[in-house]
Amino acid sequence: MAQPASIVIVGAGQGGAMAAAALRGLGYGGRLTLVGREPHPPYERPPLSKTVLRDAQAEATGTIHPPAFYAEQDIALIQGIDAVALDRGRREVRLANGTALPYDRCLLATGGDARQLPATPRGTPGVHYVRTLDDARRLRDGLRPGGRVVIVGGGFLGLEVASTALDAGADVALVETADRLIANALPAPISAWLAARATAAGVALHLGARIASLAAHGTQAPAGLVLDDGQALHADAIVVAIGLVPEVGLARAAGLELDPQNGGVRVDAHCRSSDPDILAIGDCASQHRDCLGRHARLESWQNANEQARVAAAVMLEQEPTPAAYPWFWTDQFGCNIQMLGLPAADLAYVCRGSAEPGAPAPRLVWLGHRDGIPVHGVAVNAPGDLRQLRVLFERAVPIDPAGYADESTALKPWIKACQQAAAAA
């Protein structure tokens, strides 16, 4: 079948840029347009809360492709202009400057925006959100030794910013409404370990706390927060990190099906929306996850890359290889934490290794299983161990939890024994 004459990708983040590269890599020779609302070339977001927040020089290493890549690959990169309408009847994307881009296939990689606190919307002096490169630049300029930073939100982003702010010499307090950290992605024992790690590093944690009001000091910028218990947290900078709202305005206006639970564009296993000529990937897309038994949006670097690869093949009517097992990572408080799979309420966890939260280089791997079948893994400073364990996850190989926790047995032969036992069963 003939290739589509024109493909328009809306969203020039990780997913959009990787999908454009994948299309050319698969031999697509038609007109290919990548539309981004930011004025910057496509860049990676994970460094924004870490290296970019510490060092302006790190910005240069965060671009997804070299500057010349788009011209060399004949990809029309449109920067700093919003896509304002998706006209399915005319099969065109309209831009804010009046340009109409015809498409045979359209890929939505629109991502999302930081969820805002009503009392401190974007633009409030002294209040920061960290979603874009410009956001990170503004916060970086405000981090200084002895400065007081209050972070609202105890998820991955909030904790990464807390760790970076500590490295900059700031005094850091963190407010989380839940009674533990990262409650949606980590089981209670790991949340407790991480909270102890953050506290040992110097973060003043306020769990199960709510904001009663902003503390004023006579100017427009708030002087901090007042919690519901009356405690005042003084701040030179307030960082709000309370999650992401998927950007689905184009999809909604075009009548595409949205997920009523998570707000994302509902897509099938091949990233096709309710209109088969329009696909969606990344943070804005809701896809069924077998390990959860429901649709979910996965806000991760790996998911954006995997869905970009799948969508590129599907737009060219090629059969994609299945997406890899979900994988995430975060760097905070001197630790590299990697996660394989997705958590679920009914999992039992067993830990291999032990270390005090304040130890310089702890090495731990928690394994979450359902009736002996590994489903979710969390590794602290042990990425190699998690890579070895991956085969057990992907093939649903039963394990003996007690044997896993026994460090007197080397991991590699233990994994091999599990595989042999499963093959013999």
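Before anything else, a note to self: helices (H or I, at least four residues) and strands (E, at least two) are DSSP runs, numbered from the N terminus. With that in hand, I placed Asn381 in the loop between β26 and α9 (383-394). Its phi is near 55 degrees, a positive value in a residue other than glycine. I am working with a predicted model throughout.

**Entry: another positive phi**

I looked up Glu317 next, and here too phi is near 55 degrees, positive although the residue is not glycine. Glu317 sits in the loop that links α8 (301-315) to β22. Is Glu317 buried or exposed? Neither label fits, because its relative accessible area is 47%, which makes Glu317 partly exposed.

**Entry: strand β2 and its partners**

I went to β2 (residues 31-36) and checked burial. Five of its six residues are buried, so the rest of the structure largely encloses this strand. On the pairing side, β1 (residues 6-10) runs parallel to β2 and is joined to it by five bridges. One pair to click on is Ile7, whose bridge partner in β2 is Leu32. Between β1 and β2 the chain passes through helix α1 (residues 14-25), and I noted that this β-α-β crossover is right-handed. Strand β3 (residues 75-79) is also parallel to β2, again with five bridges. There, Thr33 has Ala76 of β3 as its bridge partner.

**Entry: a parallel sheet**

Which strand order does the open sheet of five strands have? I read it as β9-β16-β10-β11-β12, with parallel pairing. β9 (127-129) and β12 (204-207) each have a single partner strand, so one side of each lacks a neighbour in the sheet. From one strand to the next, the twist averages 20 degrees. I then zoomed in on β11 (residues 171-176), which pairs with β12 over four bridges in the parallel sense. In that pairing, Ala173 stands opposite Ala204 in β12. Helix α5 (residues 156-167) lies across β10 (148-152), β11 and β16 (237-240), and runs at about 170 degrees to β11.

**Entry: an antiparallel sheet**

I found an open sheet of three strands too, in the order β4-β5-β6 and with antiparallel pairing. β4 (83-87) and β6 (100-102) are its edge strands, each pairing on one side only. Ignoring direction, neighbouring strands here are turned by 20 degrees against each other on average. Four bridges hold the antiparallel pair of β4 and β5 (residues 92-95). Asp87 is the residue I marked, as it stands opposite Glu92 in β5.

**Entry: helix α6**

How many residues does α6 (residues 188-201) have? I counted 14, spanning 20 Å from the first C-alpha to the last, close to the 20 Å expected at 1.5 Å a residue. Its buried residues include Trp193, Leu194 and Arg197. What do the buried residues of α6 pack against? I listed α5, β12, β22 (327-332), β23 (335-341), β25 (364-370) and β26 (373-380). Right after α6 comes Gly202, with a positive phi near 120 degrees.

**Entry: the C-terminal stretch**

Last, I opened the UniProt record, an unreviewed entry, which lists residues 327-413 as "domain: Reductase C-terminal". Over those residues I get 23% helix and 38% strand. The end C-alpha atoms of this stretch are 24 Å apart.

Note on methods:
Residues numbered from 1 in each chain as written. Predicted model: local features only at pLDDT ≥ 70, side-chain atom pairs only at ≥ 80, totals over all residues. Heavy atoms only, no water. UniProt positions renumbered as here; feature names shortened; annotations may be inferred. Pairing = 2+ DSSP bridges. Axes fitted to C-alpha atoms, helices over the stretch in contact; angles between N-to-C directions. Contact = heavy atoms within 4.5 Å. Buried < 20%, exposed > 50% of the residue type's maximum accessible area, 1.4 Å probe, protein only. Right-handed = clockwise from strand over helix to strand, strands pointing away. Expected span 1.5 Å × (residues − 1).
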